[in-house]
Amino acid sequence: MASIKTPQAIRGTQDIFGAEAEAFAFVVETFERVRKLYRFRRIEMPVFEKTEVFSRSLGETTDVVSKEMYSFEDRGGESLTLRPEFTAGIARAYLTSGWQQYAPLKVATHGPLFRYERPQKGRYRQFHQLDAEIIGAAEPQADVELLAMADQLLKELGIAEGVTLNLNTLGDAPSRESWRMALIEHFREARDALSEDSRERLEKNPLRILDSKDPRDQALVHTAPRIDDFLSGEAERYFLAVCDGLDAAGVAWHRNATLVRGLDYYRHTAFEFVTDRLGAQGTVLGGGRYDGLIETLGGPHTPAVGWAAGVERLAMLVEGVSADDFIAVVPDQPEQECDAGRIVQLLRTAGLTAILAFRGNAKKRVDAARREGATAVLIVRSDGHSLGRLHMSHYASGRSNREQDDLDSKVLSALDGEFGSKFSSSGWNRPS
RNA sequence: GCGAUUGUAGCUCAGUUGGUUAGAGCGCCGGUUUGUGGUACCGGAGGUCGCGGGUUCAAACCCCGUCAAUCGCCCCA
């Protein structure tokens, strides 16, 4: 008999369960809560777009476009691509869905993205991002607001301690271009001292040499021309306004003059929240201003700024999302199954998390409930049983008698007298 | 695309210089005890040793290939 081979999961995809899934959900829920505080409007976006949406906006020579896109032809012969990022699709929607009328538009979304890369720690082929954008705002306050929201998000996730905001400006288009020329000249003179990778970058993307990890490049980076010397007066004023705004908002930041961003569309403000706790993937949230992007999609000149954050990376920093308390209801004998079912439903209706332990005898059910981490087990006995009809056993460690009493009275009020006006209760912290 | 490490039960892992029938814990299934306090007891099922080839009297172990995972390079969130 030929055995059936179980298909494997696609490389770089994840099946998330348990504590990791809880951390993942905690990140997303916290983001949803925080973005509402800033009144970013929720949007839902397609997971795929015409390929040109990404190829035109990100830059043909970027790695994302040249080798990381999941592209395919549909039945009509059109080239489509699973989104490798959010921004390009949102910019397209801004133009094709009439969202220009809402400018300045503050939007937020989250969901899966796809890049054909070699998976490693904090990097997957299907990964997930939080995303926030302000479209149609040229004011530095937009940058500040976005960063303030990012900062609050990290604080509310409880991970702000190990994460720092690196901030830089890439200047406006003329500033960036003259800086770029100066960098090429600087590195070309010392070409032989550069690492192999950086010699490659010199042709393709000279700005990237600045954040090379190769020690051979470090010395040259140190003496490289700085963007500050090429900033136009306007670009400089803009950056100062962002810095002042951050200080006023109480957002801590570090100037990092060698911070650049990978995608072509960035101008002015560029930023990354980085940590050293995630191995090679230190960037947990990154973004910047992309005033030129919407024009590359055929729209009017539209200033915009945004960021994206890796949900998996944030979730890895979040530790010990405490599981919610729950009560397991266990019938003593099969005859109490219906009573137990009634009780568990009453508890849920009253807003208490409760499960009905339904496999094995009472002993096995109690054991199973405790293994699952039940806060307490409510045993249901027959009416008139010598040990009483209901018994609460508290199993959560480190709870005070007061907390246990509170839970007992919540349960009693949820049952509303149906199973008697009181029950016995025992617990580790209770002298009994 | 490149490099390093690792693939043994559902999970976490042992497995000697190559040598009978590949083990443990947890989980799972069955039962006993217990009317409740953090690991009670007894029994059971479950493994093409990632896959393919080679060396050998003999391979989980050595060699080659391949696939996958992990970490790193590149790049990015």
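This is a guided tour of a predicted model, stop by stop, with a selection to make at each one.

Residues are numbered from 1 along each chain as its sequence is written, and chains are lettered from A and ligands numbered from 1 in the order in which they are written. Because the model is predicted, local features need pLDDT of at least 70 and side-chain atom pairs count only at pLDDT 80 or more, while totals for chains, interfaces and linings use all residues; side-chain values use heavy atoms, with hydrogens and water left out.

**The two domains**

Begin by colouring chain A by domain: domain 1 covers 18-172 + 232-317, and domain 2 covers 327-427. These bounds come from an automatic or database domain assignment. Taken over C-alpha atoms, the centres of domain 1 and domain 2 are 47 Å apart.

**Helix α2 and its surroundings**

Next, select residues 51-58, which form helix α2; helices (H or I, at least four residues) and strands (E, at least two) are DSSP runs, numbered from the N terminus. Helix α2 is mostly covered, with six of its eight residues buried, where buried means under 20% relative accessible area, exposed over 50%, and partly exposed in between (1.4 Å probe, protein chains only). The buried residues of α2 are T51, V53, F54, S55, S57 and L58. Showing the elements around them brings up β2 (48-50), α3 (63-67), β3 (70-73), β4 (79-82), α4 (87-96) and α10 (293-296), against which these buried residues pack.

Keep α2 on screen and add α4: the axes of the two helices come within 9 Å and cross at roughly 110 degrees, the axes being lines fitted to C-alpha atoms, for helices over the stretch in contact, with angles running from 0 to 180 degrees between N-to-C directions. The two helices α2 and α4 are therefore roughly perpendicular to each other; angles under 35 degrees count as roughly parallel, over 145 as roughly antiparallel, 65 to 115 as roughly perpendicular and the rest as oblique. On the α2 side the contact (heavy atoms within 4.5 Å) is made by V53, F54 and S57, and on the α4 side by A88, G89 and R92. The residues of this contact between α2 and α4 divide into three nonpolar, two polar and one charged, on a scheme in which Ala, Val, Leu, Ile, Met, Phe, Trp, Tyr, Cys and Pro count as nonpolar, Asp, Glu, Lys and Arg as charged, and the others, Gly among them, as polar. Before leaving, select G59 just after α2, where phi is positive at about 105 degrees.

**A cis peptide bond**

Move on to A103 and P104, which are joined by a cis peptide bond with omega at about -5 degrees. P104 belongs to the loop between α4 and β5 (105-114).

**Two histidines in strands**

Now centre on H128 in strand β6 (residues 126-135). H128 is buried, its relative accessible area being 16%. The side chains of H128 and Q126 are joined by a polar contact of 3.5 Å, which is to say a pair of N or O atoms within 3.5 Å; within protein, one must be able to donate a hydrogen and the other to accept it, and residues adjacent in sequence count only if both atoms are side-chain atoms. Leaving aside neighbours within four places in sequence, the contacts of H128 are with Q14, F24, G111, P112, L113, A309, G310, V311 and E312.

Then select H268 in strand β9 (residues 267-275). H268 is not a glycine, yet its phi is positive, at about 55 degrees. H268 is buried, with a relative accessible area of 7%.

**Helices α12 and α14**

For the last stops, display α12 (residues 337-349) together with α14 (residues 401-415); their axes come within 8 Å and cross at roughly 105 degrees. The helices α12 and α14 are therefore roughly perpendicular to each other. The contact is made by I343, L346 and L347 of α12 and by V411, A414 and L415 of α14. The residues of this contact between α12 and α14 divide into six nonpolar, no polar and no charged.

In α12, T349 counts as exposed at 67% relative accessibility. A distance drawn from T349 to G89, 260 residues apart along the chain, spans 42 Å between C-alpha atoms.

In α14, pick D405, which counts as partly exposed at 37% relative accessibility. D405 and S425 are 20 residues apart in sequence, and 8.7 Å apart in space from C-alpha to C-alpha. Finish at D416, in the loop between α14 and β16 (424-427). D416, a residue other than glycine, has a positive phi near 55 degrees, and D416 is exposed, with a relative accessible area of 65%.
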